[in-house]
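Trainee: I have a new model open and I'm a bit lost. Can we walk through it together?
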Amino acid sequence: MAYSEQEILAGLAEIVSEETGLPADSVLPEKSFTDDLDIDSLSMMTIVTLAEEKFDVRIPDDEVKNLTTVSDAVSFIAGAQS
Amino acid sequence: MSHVPDVVVTGLGATTPLGGDVASTWAAALAGESGARHFDSSWVEDYGLPVTFAATIKVDPADVLTTPELKRMDPSAQYAIIAAREAWADAGAPEVDGERLGSVVSSGIGGLWTILNGWDTLREKGARRMLPMTVPMLMPNSPTAYVSLEFGAKAGAHALVSACATGAEAIGYAVDMIRSGRADVVIAGGTEATIHPMPIASFAASRTLSLRNDDPAGASRPYDVDRDGFVLGEGAGVVVLESAEHAAARGAKVYGQIAGVGLSADGYHITSPEPSGEGQIRAMRAAVADAGVTPADIVHVNAHATSTKVGDLIEARSVRGVLGDDADHVLLSATKSMTGHLLGGAGALETIFTILALHDRQAPPTINVENPDPELVLDLVRDKPRALRDGQIAAINNSFGFGGHNVALVVASA
């Protein structure tokens, strides 16, 4: 079953919130992982690992550096769903 | 050599089977409460554990820490950071240059839950699901590293490991850091979180755990004739140590002094204590000499006494061997009767008990001693606390670990 972009945003926001302690409703599409959410590379890889499991997708390492904003990640995950 | 500073204790912190902080833990200890209880019965059903209880932590870290903290710290580090925060606040959050602040907080075993959960994840889901924090969480220096990160301790962050002597050895190393001039303030202690079916099964296999499954609260009974092994505990104890000059300059409250440190190794057996107590005696003698006190000054001993047939008596005879006739006026307390055995946390928690015993002038009780072992050669505090005399007094806290590690700390009143 494919997730909608809205469901992916909500699920990703939950993962980011648990990793960072930020409220889930502050994880908005336009937020930058590094500049706005203060997520370092170790935390980003944790988020990627958890997101892969939650949405049953694969996010290649080469792709992670292109995921600047939350919206980038949502779009990638939505497109990567089989 | 330049002036060697005295090392004083200015902050205490703990989370234990008796309480989520020092005040509740100490009150429960003076009241003679037990922290032992039955654990998840599915562990017994699924794995056939012969032991059904342990001294589990009283306050769940989930009630105290944030979700990100819980997710990036093994329980051993969670307990350590909870205790360190309390100790630091208790010390009045001293203003100190980070390069003069050290961290020595150790675990005897390490991030056991993280290791085993990580192995489960790998086997069940494969490498792609392994979280990157797994190794930083399982490494045994993780607790001291988190303490160093949180408080900006840059003089050095160390993790001494010596099984059940770990917490005391960490405090001893911290004393050396201050005496040698490497630091003015050190956050030091021990932590352990190994109430998991695997180590329980292993300890049970070595026949060292009490099997008193019908009476968990009565199971840890050091020096009782019917003692049948130790009760596994968990938790952390952390102290803030400071050079006396540094503490005085900021007007800090002082609980007492870590006046002497004595270390030795048995070089005898991987688990059994050396029967004559020769190594324990050397550690205690070294600590007493290091403190510059005489046996007549020692009024109290917090025993390592884990409630095993052999170990308890060797220690009692060793204390008698060190203090001679002066052992007659020593009050002996075996607080593992209440807390269970915190392994790497034990030496630190029992140092806190020793400090508070001198500070409050009361030796905590040893519970469950219905019939004292007739071979016990010391005055054991049973059931109720007993008063310690006024004036300048000192006490010994003993900690011995698998591997033959012996650590004795001499604590002196403020």
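Mentor: We'll go through the domains, the sheet, the cores and the chain contact in turn.

Mentor: This is a predicted model: local features need pLDDT of at least 70, side-chain atom pairs count only at pLDDT 80 or more, and totals for chains, interfaces and linings use all residues. Residues are numbered from 1 along each chain as its sequence is written, while chains are lettered from A and ligands numbered from 1 in the order in which they are written.

Trainee: OK. How is chain B divided?

Mentor: Into domain 1 (7-249) and domain 2 (260-413). Those bounds come from an automatic or database domain assignment. The C-alpha centres of the two domains of chain B lie 21 Å apart.

Trainee: How many residues does each domain of chain B put into the contact?

Mentor: Domain 1 of chain B gives 61 residues and domain 2 of chain B gives 57. Two residues are in contact if their C-beta atoms, placed from the backbone, lie within 7 Å.

Trainee: Which element gives the most on the domain 1 side?

Mentor: H8(B), with 8 residues. Helices (H or I, at least four residues) and strands (E, at least two) are DSSP runs, numbered from the N terminus. Other elements giving two or more residues to that side include strand S1 (7-15) and strand S7 (235-243) of chain B.

Trainee: And by class?

Mentor: That side of domain 1 of chain B has 29 nonpolar, 24 polar and 8 charged residues. Ala, Val, Leu, Ile, Met, Phe, Trp, Tyr, Cys and Pro count as nonpolar, Asp, Glu, Lys and Arg as charged, and the others, Gly among them, as polar.

Trainee: New topic. What's the strand order in the open sheet?

Mentor: S5-S4-S6-S7-S1-S8-S15-S14-S9-S10-S12 in chain B, 11 strands with mixed pairing. Two strands pair if DSSP finds at least two bridges between them. The edge strands are S5 (156-158) and S12 (379-380) of chain B, and each pairs on one side only.

Trainee: What pairs with S12(B)?

Mentor: Strand S10 (331-333) of chain B, in parallel, over 2 bridges. There, B:Leu332 is the bridge partner of B:Leu380.

Trainee: Why is S7(B) called largely enclosed?

Mentor: Because 9 of its 9 residues are buried. A residue is buried if 20 or more other C-beta atoms lie within 10 Å of its own, exposed if 12 or fewer, and partly exposed in between, with C-beta atoms placed from the backbone. Both faces of S7(B) are covered, with B:Val239 among the buried residues on one side and B:Val238 among those on the other.

Trainee: Which strands pair with it?

Mentor: S1(B) runs antiparallel to S7(B), joined by 8 bridges. B:Val9 has B:Leu241 as its partner in S7(B). S6(B) also pairs with S7(B) in the antiparallel sense, over 8 bridges. There, B:Thr191 stands opposite B:Ala236.

Trainee: What about S14(B)?

Mentor: It is mostly covered, with 8 of its 8 residues buried. Strand S9 (298-302) of chain B pairs with S14(B) in the parallel sense over 4 bridges. S15(B) runs antiparallel to S14(B), also over 8 bridges. S14(B) and S15(B) form a hairpin with 3 residues between them, and B:Gly403 in the turn has a positive phi of about 110 degrees.

Trainee: Now the cores. Which residues touch the most other members of the largest one?

Mentor: Among them are B:Ala80, B:Ile187 and B:Val238, in a core of 114 residues. A nonpolar core is a set of buried Ala, Val, Leu, Ile, Met, Phe, Trp, Tyr and Cys residues joined through C-beta atoms within 7 Å. This core draws at least three residues from each of the two domains of chain B. A second, separate core of 21 residues includes A:Leu9 and A:Leu50.

Trainee: Is B:Leu70 buried or exposed?

Mentor: In between: B:Leu70 is partly exposed, with 15 other C-beta atoms within 10 Å. This residue lies in helix H3 (67-72) of chain B. Leaving aside neighbours within four places in sequence, B:Leu70 is in contact with B:Pro61, B:Ala62, B:Leu65 and B:Gln78.

Trainee: Last one. How many residues does each chain give to the contact between A and B?

Mentor: Chain A gives 10 residues and chain B gives 9. On the chain A side, H2(A) gives the most, with 6 residues. That side divides into 2 nonpolar, 4 polar and 4 charged.
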